[in-house]
Amino acid sequence: MNELKAPSLNSLLGSDRGSTDSLLAESLIDVEELDDVEYSIPPPGALPSLEKVLSEFEEDSDIASELGIPTPSIAEEGSVRMGGIGGGGGGGGSIMRYAMLQGVSTQLTSASDRIGAGMASSCAVCNHYYAVGTSHGHILNFDATQTLRWAHQDKNGQGAVSSLSFNPECNRLLAGFARGLVLMLDTQTGDIMRQLFDVVTPNTGILHVKWTSRPAMALAADSGGSVWSLSFTRKLGVRGCSTRCLFSGARGEVCAVEPLLSQTGEHHDLDQYCIVALATLSKYFIVTIRPRLKVIKYHLLQGPPDCLPVLAWQMVLIQAADATRSVDPVLVVGRGNQLFFHQLFISHGRITLLLLRHITMQTNILSAHWLGPKCVGCIDTSEILHLLDVRSSKELECIDLGNASMVYGSAQFKGLATGGNVSPALALAGTHACYNSLAARGVQLYVLGSRSMHLIGVRTWMERITYLVKNHRWQEACDLALDGYRAAGDRPKRKLQAKERIIMLFKEYIAASARAPDYCLGAIIKCLIVIDELELLWTQLWERLQNKELFLHHITQHIENDDIHQVNPIISQALVDYWLKISPAKLEDVILKMDWTCLDLNQVLKAARKHKLYKAQIYLNANALHDYTMSLTELIPLIGSEPPDLGNCLLVYISSCLAGRGYPQGDIPEELIQNVKHDVLRCLTSLHSTTSEPNEMPYPYLRALLKFDTRETLNVISLAFQEKEFSGELGYSQRKRIINILLEIMTPENNTWSEIGCLLNFIAQQISESCLPCDTQLLEKVLNYLSMESIENESSRLHSERENAWYELLVNNCLNAISNDEEQLQLAKKAHCYYVQEYLLEKLQRYDEILSCYISNPLRHETMFVYMERYARETNRKIYQQLKQHLRKLLEIDGKETTRIVDLYFRDMLEELLQLLEDDERFLFIFLKQLQQRNDDLTAEQSEKLIKFLCKYEPMEVEEFLKACNCYRIDAALDLVMNYKLLPAAVFLAEKQSDYKLAFHLALEILKNASPEQMEECAKSVSALCSRSSLSSKSQLTEKERESLWFELLKYILPLENLKNITKSMLHEASQHVDLTNLVQLVMNTHNVSGNFGDIKELLLSMLNQSKAETNAMEIAMRILEKEVAEKFHQRKKQASRGLLITMMQCVVCKQRLYNQAAIIIVGSCGHAMHGQCSIEFQRQHHMKFENGDYDDDSPSTSSSSRNISQQLSNNLMEDAIIMQCPYCLCCIEEQRMAMPVQLAKPSHNVVNYNNQQLQNANNGKYANTAMASPYKELGVLHLKSPPRKF
Amino acid sequence: MATTPRSGGSAGGGTAQRPNGTSQSKSCQFKLVLLGESAVGKSSLVLRFVKGQFHEYQESTIGAAFLTQTICIEDTVVKFEIWDTAGQERYHSLAPMYYRGAQAAIVVYDIQNQDSFQRAKTWVKELHKQASPNIVIALAGNKADLSNIRVVEYEEAKQYAEENGLLFMETSAKTGMNVNDIFMAIAKKLPKNDGANNQGAGAGRRLNENENNRQTTNCCK
């Protein structure tokens, strides 16, 4: 089925016109060829559907979807390519396909030229028809073959056709006009079914007409931003329409309308609802219209004001995180450069919207259309169509639609036909409106140009391969094919389909690459290997190649990567020949990776012998020929003359044979293991070689191996001994036999002692593991070796191995039979086997010598301290005695550890130990130093002694030590240091003693003696010392003395040429501490500087600057002070002149009414007041509280710090911080108010009477004069706005 | 594998500009194995057949050697993939690996050596028992140029061959006598339409043969 389609597909796409010419033209010819009479051309309704004719090449994908062909997410196909910009189908990208609908375009052109239909303004596409509306109100309807079926001309002067829409059954076409008319036409005949003039807001144009999922219902959106539902009725045969406003433009103008139509035939829960997505310039809504009007969800949608929102629905297979799959509608909402994807589904009986994804684009988009369930096509403001893969959010390809001269619906959005009565926002946003000039159907996007119509299709996997093949882009085609194959995963049907496609690709390759078969060979080989069609590789491809080397290279690579193990024998022969020529070593690697059954053994083994490919030889002998000893008999005699690789190889081989493992990997077949082990062992231990040369030494194979590498050979044997063949009674005797053979081979005449040592160690090990039957003779032999006093060229490794072996024997009591511990001890002493000695002493409980064993054995030093620590408290171990005895050695080994142990356990004996070391300064020094570092609690004498040693041995450390430590007497230390002439330390000590003069002189001395490089550093430290001396309170120096210090320093420094660059900073430093005049004097007098004004210029300038800055600061401070005083004054004045009013006619203290003519105190701006008597009580309480100290400083007036500052600034204006608070509202009360009671007027009066004492001021009106009363009195003025109601 | 002829057909959409499009013959590929005692002349026989050469002192084969030769019979190209096994006793365990998938076998003996004839009989027995039931077996009495010192009589062998349904010829690798003939005889006896093997040059040919070729059954190896 598939392959029957393929040729026609090929011819379709392979034709020369394929890229530019319409596919429809092809099918058109087919139709023309039909004989009308014979076939009786079917009525228009029964025409082949557009689907069928237009996208015949889609058959592949249709079948694919039926069969579940791998249609991987396009991004996963691994060939994300940019390009295709240029509008032609021949561009670089393989995903998008461009075609121009020639038939439609021709008709459009002629319509506009001949009948004055104007430019195209809107279009619609369904399965059988295309409809195009023009700016002069013409509607052209084309069928699937692009033949014009009918044309309709609007006679009502309704302006341009602004929107068109086919119903899902394709038998009705709705057309909206720029002046508000909506027409319903029969798609077959073009008859007008309904003519609806006033279904939308009067005097507005139609922006959208859309059919909904209900057959008799459509939506219309007008330029006023309202949305109307049109329900078509047919009462008594009369067609009618009832219209209803769903959404008024007054509440925000709807720009985009997109009803959800069920695209698949399958049932979906949402089918029962009639759902529409609407978008305004600020929000988008999901609305159900039927069964009842309801907003399901709305979201804000922000974006630039000149961008319209875009909406598109698509049914998408969604795999949830919990692996459940569902097919649900997904809405893409876009505005500006943002795209949001929402899934709509029913959960618990409610329609739910779920945000799936958010994509941000590079540019602002004009449209978004689904092109299949995986891709969205977006046209951006520069008319470039971007294809996005939704799952990966990646851009797959883009194509420039600049040549299409796309139609924009801005005229409708600006309402030009209706007098422009649209909102400015809508008009601005509608500049790039292209809702009605783009239509998506399936994986195709139709773009309406002003005189043409274009088609952009998305190719499926199969089509893309075909396309790439057609363009001979084999590499990409292979990659794509493989990606598709891999994406098929473990779905067998899909995999088979993909495999067939790849095989077809291969055939196409073979057919196309006849002339240059090497082109892209690697990709093709990889393809075949991945899909496991090796036969094709070996036969068809191989036979076709002229230059086989490339092929062999590729195959080799795949073998090395373990992609294949089996090749055709013909290839393997060629491969072997080829690599023999180029690189036999590589051949060996390849052979080891290959399955031997495909090799020409005769050829390979002969080559291996010739080229000494031992590994390959061993591998093939063992695996192919099942002869495990042949490698040994052939190769062991060669060990001596060959590089060591061979020997190592053989050892590995023997070891793996004896362990039952295959070489180089894998396992020996179960049934062979026994034989193999036996054979190999027998071969190794055979007395004579197969050739049995006349003067051959016995056991030639084992001998050769031992000679090659004794240690490793013995390791191999000991590994073999762990196998079960060597356990049990029989196994032990087997072991013994082998050991005897080994002993026979290894004689002092033929071997070095170290080799024999290895063997004897090995035997000792075997004995101690009690794996060998006890044999006194053998034991004696071993012991003789072990206790040898000195062995020539014995390495430390060997020695420790010897010791270990001996130790093991002792631990396992193997030597009891021939000797006792005492003898052993003597032997060990002689043989310098301290470890053994140590063990024996321990065993004999002769502890007093153990430490010396430890000391003599450098490997055990660390353990020694652990040992000492563990037994330090046990007197019978005599640790202290031994420690005392070996103290020097111990200190030499590790002073720190030794000191630690002494300090921890033998602190009482410290004096004794120190005494002991008295005559050896070096150890004493170490000891003291460690003690000091440990505890820092030395006595003064001890630390002085330490200082002395430090001075002597590590003079660099002295200063550090002096700084860190405090337990010495300063004068004694100073003497010591001076003795050793360690001036820096002395300076430090002198300063510590506060003897700055001495310190300074010493420091100056250092400076004088310093090398030129250090001078600067020294000078800095001296000046630092000087400034410390000047600042320090402890220094008893007088002003004069300090200056003299500075001057002395400067006098020395200034003339020095090499200190020029610090002179300045030095002077600056000094200027802070000495009299500046003197300093200038000094500078002037220094003859070196006199010539150079530059140096003092800075100094003088800085002096001037400083003085200027100080003056400035002074002035500013004065100004600020004055300003603050003035402000304070002003504030006070304002406060004082403010009137007070009472808002609550109740005393805040006693809660009694206020109008009983007593004196009252108004507490402040809060409007509360209290009686005079009450205020006295209140004040008293307040003061008490303040004195008790629980007065918190959280008063709202000022924080304490700011108050401190202001107090400093204005002591007079600010009273002390006793702040009282109104008991009612916590508003703070100013002190002076308490002193100013007022009297309330008589109840009948509105205006206040003033207090007697202030009557004199009554003439001044309500204001009180604050400035004139020196005890700071203020007039409280009560001003009642309106009398209290109770009066 | 079953898909190859089919997809081959669909690739026919390609072109007719194939280099070997002129070849009208069918092509088959057969696996053939040589068995027999050591030093009876198996390798020499193959060498004569494949390269037309003869070495008096042919090295003994290790394991097995692989050679190919293509011959034409009528309109069919027959490609032999020949596994020349080693005769030495120690390689006997290898033999099943090679004759298991073989369509044809030549059992060789030396007419001067009775033991080798007996050995040949055991091989035939083993083949009958172990190899594929359709295997074409030929018995070759080699070194026929030395027939004056023969030990195994022609009739004896002939009779044995007839009893067991074997092709039989006395051959001489040295002179080339009957060497090609025995291979030709085997090729003729082999079923030519055995699908699994008609690949190779086939793809090019089938372009012109078109549809009817698709019906060829695809028997898997």
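A residue counts as buried when its relative accessible area is under 20%, as exposed when that area is over 50%, and as partly exposed in between. The exercises below apply this rule to a predicted model.

**Exercise 1. Work out which class of accessibility Glu1177(A) belongs to, and describe its salt bridge with Arg1180(A).**

Solution. Begin with the relative accessible area of Glu1177(A), which is 34%, so this residue is partly exposed. Next take its partner, Arg1180(A), which at 46% relative accessibility also counts as partly exposed. The side chains of these two residues meet in a salt bridge, with a distance of 3.2 Å from N to O. Finally, place the pair along the chain: Glu1177(A) and Arg1180(A) both belong to helix H47 of chain A, which covers residues 1172-1188, and they are 3 residues apart, about one turn of the helix.

**Exercise 2. Determine which parts of chain B are linked by the salt bridge between Lys143(B) and Asp110(B).**

Solution. First consider the contact itself, in which the closest N and O atoms of Lys143(B) and Asp110(B) are 3.2 Å apart. The pair links distant parts of the chain, since Lys143(B) sits in the loop between strand S5 (136-142) and helix H5 (154-164) of chain B, while Asp110(B) sits in strand S4 (residues 104-110) of chain B, 33 residues away. Then compare each partner with the cut-offs: Lys143(B), at 23% relative accessibility, counts as partly exposed, whereas Asp110(B), at 7%, counts as buried.

**Exercise 3. Explain why the salt bridge of Asp627(A) and Arg90(B) joins two chains.**

Solution. Start from the distance, which is 3.1 Å between the closest N and O atoms of Asp627(A) and Arg90(B). Asp627(A) lies in the loop between helix H18 (614-623) and helix H19 (630-635) of chain A, and Arg90(B) lies in the loop between strand S3 (76-85) and helix H3 (95-99) of chain B, so the pair joins two chains. As for accessibility, Asp627(A) counts as buried at 17%, while Arg90(B), with a relative accessible area of 41%, is partly exposed. To set this pair in context, the count over all chains comes to 20 salt bridges, and Glu869(A), Glu897(A) and Arg900(A) are linked in a network of such bridges.

**Exercise 4. Describe how strand S2 of chain A is enclosed and how it pairs with strand S3 of chain A.**

Solution. Look first at the cover around S2(A), residues 120-125: 6 of its 6 residues are buried, so the strand is largely enclosed by the rest of the structure. Turn next to its partner, S3(A), residues 129-134, which runs antiparallel to S2(A) and is joined to it by 5 bridges. Within this pairing, Ser122(A) stands opposite Gly133(A) in S3(A). The connection between S2(A) and S3(A) is a hairpin, which passes through 3 residues.

**Exercise 5. Decide whether Arg350(A) and Ser44(B) are buried or exposed, and locate each of them.**

Solution. Take Arg350(A) first: its relative accessibility is 62%, so it counts as exposed. Arg350(A) lies in strand S21 (residues 350-360) of chain A, and together with Arg292(A), Lys294(A) and Lys297(A) it forms a positive surface patch. Ser44(B), by contrast, counts as buried because its relative accessibility is 9%. Its place is in helix H2 (residues 42-51) of chain B. As a last step, follow the chain from Ser44(B) to Asp84(B): these residues are 40 residues apart along the chain, and their C-alpha atoms are separated by 9.8 Å.

Technical notes:
Residues are numbered from 1 along each chain as its sequence is written. Chains are lettered from A and ligands numbered from 1 in the order in which they are written. This is a predicted model: local features need pLDDT of at least 70, side-chain atom pairs count only at pLDDT 80 or more; totals for chains, interfaces and linings use all residues. Side-chain values use heavy atoms; hydrogens and water are left out. Buried means under 20% relative accessible area, exposed over 50%, partly exposed in between (1.4 Å probe, protein chains only). Helices (H or I, at least four residues) and strands (E, at least two) are DSSP runs, numbered from the N terminus. Two strands pair if DSSP finds at least two bridges between them. Patches are made of residues with over 30% relative accessible area and no salt bridge: like charges are joined within 9 Å, nonpolar side chains (Val, Leu, Ile, Met, Phe, Trp, Tyr) within 5 Å. Accessible areas come from the Shrake-Rupley method with a 1.4 Å probe; for residues, only the protein chains shown count as cover. A salt bridge is a side-chain nitrogen of Lys or Arg within 4 Å of a carboxyl oxygen of Asp or Glu. Lys and Arg count as positive and Asp and Glu as negative; His and the chain ends are not counted. The place of a charge is taken as NZ of Lys, CZ of Arg, CG of Asp or CD of Glu.
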